[in-house]
Structures are given as C-alpha cells and as structure tokens.
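Here's a quick tour of a few surface and backbone features worth a look. Pull up the structure and follow along.

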Amino acid sequence: MKIGHLFFYPMLSLLSCVEDYPPPVSNEDVNFLVVDGFINSTEGVVEVKLTRALPLASENPFPTELNAILHIEDGDGVLYTLNSVGDGTYRNDNFIINNDQQYRLKIRRSDGREYFSEYVGMKSTPPIDSLGWRTNQLRDGFEILVNTHDNANNTWYYQWTFEETYEYTSAFLSLYKYENDTIVDIPPSEYLYKCWRTIPSQKIIIGSSEQLSTDIISNFVVNEIPVGSQKLITKYSILVKQRSLTEEAYTYWLNLQKTTEQLGGLFDPQPGRVKGNIFRKDNPDEPVIGYFDIATIQ
C-alpha cells in the first residue's frame, strides 16, 4: 500500500499542475512598415504591397499604407515610378529589366519618412521539370509535388506560390425563378448550381538543395489536400509558380516562416523580429519588415 501511495500521489500532482498560462503581451505601438516587393522579370511587372504591423494581441486587420510615393532606382540613378492601384498596392506593369543593372526600391511615406532597399540584381530561375501527386496515408490526404533542377548549380534556393481552382456544386438546384410576377422555369442554360473557386497559396513555401552535391529538388511538397476535401469532388487544377532566391532572401523567408507559421509547441521558435533588406534613410535602426527582390518566374 505504501508503494502504491508513493506512486499515485506524484502522478496526481503532475496532472493537477497543467493549466492555461496567459503570457504577458506588450500593447506598445508597433507601427512598423511592412514591405512585400518583387520584380517579376518574366512579365515585366513590379508590385509592392505596403502595410503596417500590429501589436501581437490586436485582432484588427493589418492597416494598409496609402498615399506613399514609390520608385525603382537603377544603378545609374534613373527612377521608374510605381502607381497606386489601391489597398496599399503599387505597380508598374511595363518595367524592362536590364540584366546588367542592379535596382533598389525607394519609398516615401505620406508623413515624409523615406526608406530604401539594398541594391539587388536579377536572378534567373530554372524551369519546373514536373508536377505530380501522391497519397499520404500517415497524414490522410494528398500531396502535390514539384521537381526541378539547375544543371549549372547556380540556384540552390527556391520559392513557390500557387493558385488552386476547383469545381463544386451547390447543395440544391434551383429550377424556378420569379419573373414579372410569375413563377417560371429556369432553362438549363441558366442553371447556377455549378461553380468554380480559385484560392491563392497562403503559406511561405521555400526549399533548398544546398546540402546536396547537385542542385536538384525532388518531390518537394508544395500543397496538401485532406481526404474528403470539397476540392477533389469534381474537378481540380493547380498552377504552381517557381522563382529562385538568393541565400540572403532564403534566410529572410525561412526566419519569417519559423516565427509566423511554426509557433505553438514547446520547442518551436519564439516570436521575434525578422530583418530584411529594407531600411529607413535617416534612421537605419528603425525596424522595417520586408524584402525586395528580382527574379524570373517559371
């Protein structure tokens, strides 16, 4: 009986000490500029999205940065204007890249504060070799796989985005409509029960072959679809876009991925500040979140 009591009470004590712990969260003003900027050399499109950071405890949507003035500057000091298209997004749809030039992003906020990115050069991206899929019984779902390689061994760091489109039908079919105070039949050509939905990727998807002797990415999982998902009931397609990264850009996205998507576990990284390649002109110590880069798209 004594042995039983010695074993039972410590176990009871261990179970009783597990309880929720609300961590102290600072509500200080973190009105930092957040920059998502990229030059798509393949299409000649520059797009920069400006928002501002929020305190960790805030439930508000990220505020957009409006009325800013943005330019792309080349190494010779020539400026190219980006136009506001609303919602904090600025674009230039007719940008011609000179592969021998380097470029940087210039931002002037509505309050007069100015920011610059570091100069970056254009990086070519090898083509995607193939897309495939396989079932994953352990995770109870399907995986979309990408394969690529660079014979010149010049890439090593990759990033992917995608758009998935699927067909679905409504739960009920409407056969009648109200027209001119009369209920009439809906002709088959006007049936509305068949629909399509397109969803862009929401996560940071990056991969590297730096640990290999050759620059090969094999069966890298870019998307997972659970069994029973509505996406696979009728028709499904996915458009995957691939771009190459510099080692510095890969490190930035990797750190951002760790501090935004891999949280919650005991041994996961703690939330922290991720430094990119953008800084304030007269105060380099001011935190700025974001990275500006140039590459071709495959």
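## Helix H2 and a negative patch

Glu247 sits in helix H2, which covers residues 247-261. In this predicted model, Glu247 comes out at 46% relative accessibility, so it counts as partly exposed; the cut-off for exposed is over 50%.

Glu247 also has company: together with Glu118, Glu210 and Glu248, it gathers in a surface patch of negative charge.

## A nonpolar patch

Now for some greasier scenery. Leu173, Leu175, Tyr176, Tyr178, Ile183 and Tyr193 make a nonpolar patch of about 650 Å² on the surface.

Take Tyr178 as one of its members. Tyr178 belongs to strand S12, residues 176-179, and its relative accessibility is 62%, so it counts as exposed.

## Two loop residues with positive phi

Most residues other than glycine have a negative phi, so a couple of loop spots deserve a glance. Asp87 isn't a glycine, yet its phi is positive, near 60 degrees. You'll find Asp87 in the loop between strand S4 (79-86) and strand S5 (89-92). With a relative accessible area of 51%, Asp87 is exposed, given that exposed means over 50%.

Then there's Asn153, again not a glycine, with a positive phi of about 55 degrees. Asn153 lies in the loop between strand S10 (141-149) and strand S11 (157-169). Its relative accessibility is 29%, so Asn153 counts as partly exposed.

Definitions and conventions: Residues numbered from 1 in each chain as written. Predicted model: local features only at pLDDT ≥ 70, side-chain atom pairs only at ≥ 80, totals over all residues. Heavy atoms only, no water. Patch = residues over 30% accessible without salt bridge, like charges linked within 9 Å, V, L, I, M, F, W, Y side chains within 5 Å. Areas by Shrake-Rupley, 256 points an atom, 1.4 Å probe, with all protein chains shown as cover. Salt bridge = Lys/Arg side-chain N within 4 Å of Asp/Glu carboxyl O. Lys, Arg positive; Asp, Glu negative; His and termini not counted. Charge placed at Lys NZ, Arg CZ, Asp CG, Glu CD. Helix = DSSP H or I, 4+ residues; strand = E, 2+ residues; numbered from the N terminus. Buried < 20%, exposed > 50% of the residue type's maximum accessible area, 1.4 Å probe, protein only.
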